[in-house]
Structure formats: structure tokens, C-alpha cells
Amino acid sequence: MASLGIALGIGVLFTVFAVFNGFLHEMESSIRNVSGDVNVEVQRNAPQSEAQYRDWFAQIEGVEKAVPQLQWFGLIGRRGSRAVDDPRSSDLSGIMLIGVDASELDFGEVTGDLPPMQVGAPLAKKLGLTIGDVVEIVTHRSSRGQPVPMRRSFQYTAEYSTGRFDQDLDRVFVRRSDLASISGTSPEFSHWIVHAKDDVGAEDLATAVATHFDGLQLSRFDYPRIRTWRSIGGNFLRAAENQKGILTVVFGFIVLVAAYQLIATLLLTVAEKRHDIGILAALGASPRRISGFFVGLSLVISSIGISLGLLLGWWLIRNLSMVESWLGGGEPIFLEEIYKFDHIPVAVDGTMVGLMIVVTLLTATLFSLLPAWRASRTRIVQTLRRR
């Protein structure tokens, strides 16, 4: 029973940490896929050309690749929908238009004269779009400092999915040249997505980029905004990381409860086996050897519990969809609108598992010292006389 208590605690800890690590891993990966390791936001109407920026990034050590992007806000709706004619309609969806080079993204098969567009799976489902449909973009461009409404048709040619619901819902990809013709942006980029080499960290690369731009003596109106993917993640990412620490403390008490059950079991064993302990002592077993036996018994019980707990946790993470169906009565519990992802992410951290095993064994050893001490203090004559 003590082993089963430890197994339940280890199984829960293993599953919770695997899901939470998967959540963090997927979130970090999705942020880096969108923003790169370092994101350089260029001031609007900056005089520097694209070729000038490419030359600057080529001079920075640690830069693997730098890709220009043009980002612009707009509204999207199905062509022919009356909502397109009324921007106040709730049927229109606010989106981020991301212009990329055609060589960086596969827009699929383009038919007709309309420019292509990649739409996220949740947004396509929300608008009822199928490949080949025409969508309308309502946005604006700046003319002499005044916003001018713009409306342009695109063809939905390809669907993409990052696995993160909120990103797929509010971002669409178009060709950079097509977006520049709508927004009137000059130069035809607003951001540079900078990827670091394998041996270079994002923070180190951001420092190198900032140092290089500092040496260019740019005016404060032309100096770009430099951010790492972690700073772009912002408070949401930091809150998720803090929650991991809180969960570690909260669920760690599960192991302590299981260890308390272990000490109760060992104390009961000492009380029931006093006669046997007395016989061992009479045959020459030293107090140290008797106490060592009960410490060893604790480690055996803990090892069995840890093994069963790891098997339970592994089974749970391999069958999360089935477990979710059981708990929800056939209905999904982890809704993508709330938890951001269209699946339950899982990532097993070997270091965390090893730490969990070591802490459990150390806790079991510590909790076994009292029963072991009481067993070693058993008086031989009194114990044999009681029998």
C-alpha cells in the first residue's frame, strides 16, 4: 500500500510535468517560429534600404539568416458577404497581415489574377473558407499623414497550422510586394526576423545586433527596436514559467503525503516485528545493522512505487486523449480557445524525471530514520519475554 501511494504521487507528478513542459516547449517554439531568435522592428519611413540592412546583418557575427517581413493590420471577410461593406460588422475578423517573400513560403497553386494568401486553419473554419475561395481585406494606407481606406481581394490558396490556436486565428500570410502595394509602406519591410547560429543564444545575438547598430550612429528616429523571442512572449510566457515553479511546490506535497504513509507503515512494521527484531539482536545483529535493514526496506518500497508511478505516468501521457474523453464524458476538456493549442502537448524532461526520482528516494530515506532508530533501540530481554 505504501508503494501504491508513492506510485500515485509519482504518476501524477510525471504527467503534470510532461504536459506543462510540452505546453512551454510548444509555446516557445511557436513564438520563435513567428519572431525568430531576434526581432528587429524598423521605424516607419526609415531611409535605409533593404540592401543596406542585409549588408549590416551580414557583418554581425552569430547571424545565421535575416529575413525581411512587412506587417500590417486589417480586417478579413468572405467575398460577397455584406459584412465586408460594413467594417463595424462582427462578422469581420481583425488580423495581422504578414508579408513575406515568395521564396520563404509555399503559397500553393495560384489560379487567376488575384494575389495568393495563406490562412490559418481556425480562421478558415471560422469564415467557412475552402481552398480557392476569394476573401476581401479591408485596411488603410497612409497618404500625406492621413489614413485612406483600402480594400483588396485575395485568393485563399493554402492553409497553414502552427498548432497554436490564437496565432492561427489572427495571422494571414501574403506576398510582401502585394501587401506593400496596399499599405504604401516604404521601404517594403517593417521587421527583420533574425535567426541565430546553433551555438549562439538569443540574448547574445540581441546584444551583438544592438552593439552593431549603436556603432552606425543612427538617429533616434531611425534606430530600430530590438527584441528577443522571450521578450516578445512577454508576461504570458513569464507567467507560464512561474506556474511551473508553483506546480512543483504544490504537487511536491503529494510525495510528502506518500512518504508520511511510508513512515506510518514502517512504524507499524517495527511494532509488529519486535519479537523478530529481538531474535536478530540476540543472534548478534548490531543496532546499526537492524536500522540499516529498515532503511533498506524503505528504499525497496520507494523503488517499487517509483517504478509503478513512472509506468502509470507514461501510460497516461500516451493516452491523454482517451483519459480526456473519460473525464469529460466524451466531450473535450482542453479547449483550444482557452489553452491555445489544438492538441495536448507533451514533452518529457529527463532531468526533471531524474530529479524527481532522487528527491523521492532521499525523502523516503529521511522518513525511514525514525522507524529505523526505534527498531535499533529495541531491548532484547524485554522483547523476548513479552513473546
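What follows is a walk through the overall build of this protein chain, from its general outline to its nonpolar cores. The model is a predicted one.

To start with the outline, the chain folds into 13 helices and 9 strands. With a radius of gyration of 31 Å, well over the 21 Å that the globule rule gives for 387 residues, the chain is more spread out than a compact globule. The C-alpha trace tells how that spread is laid out, running to about 105 × 55 × 35 Å along the principal axes. As for contacts with a separation of 6 or more, 81% of them join residues 24 or more positions apart.

Next comes the surface. About 21000 Å² of the protein chain is exposed, and 55% of that comes from carbon and sulfur atoms. The charged side chains come to 37 positive and 39 negative, with 13 Å between the centres of the two sets.

Turning to the inside, 43% of the 387 residues are buried. The largest nonpolar core is made of 20 residues, and Ile-76, Leu-97, Met-117 and Val-172 have the most contacts inside it. Quite a list of elements feeds this core with at least two residues each: the strands β2 (63-78), β3 (93-100), β4 (116-120), β5 (134-143), β6 (146-160) and β7 (171-175), along with the helices α3 (121-127) and α5 (176-183). There is also a second, separate core, this one with 19 residues, among them Val-40, Val-42, Phe-189 and Ala-206.

Terms used:
Residues are numbered from 1 along each chain as its sequence is written. This is a predicted model: local features need pLDDT of at least 70, side-chain atom pairs count only at pLDDT 80 or more; totals for chains, interfaces and linings use all residues. Side-chain values use heavy atoms; hydrogens and water are left out. Helices (H or I, at least four residues) and strands (E, at least two) are DSSP runs, numbered from the N terminus. The radius of gyration is taken over C-alpha atoms; the globule rule is 2.2 Å times the number of residues to the power 0.38. Buried means under 20% relative accessible area, exposed over 50%, partly exposed in between (1.4 Å probe, protein chains only). Contact means heavy atoms within 4.5 Å. Accessible areas come from the Shrake-Rupley method with a 1.4 Å probe; for residues, only the protein chains shown count as cover. Lys and Arg count as positive and Asp and Glu as negative; His and the chain ends are not counted. The place of a charge is taken as NZ of Lys, CZ of Arg, CG of Asp or CD of Glu. A nonpolar core is a set of buried Ala, Val, Leu, Ile, Met, Phe, Trp, Tyr and Cys residues joined through side-chain atoms within 4.5 Å.
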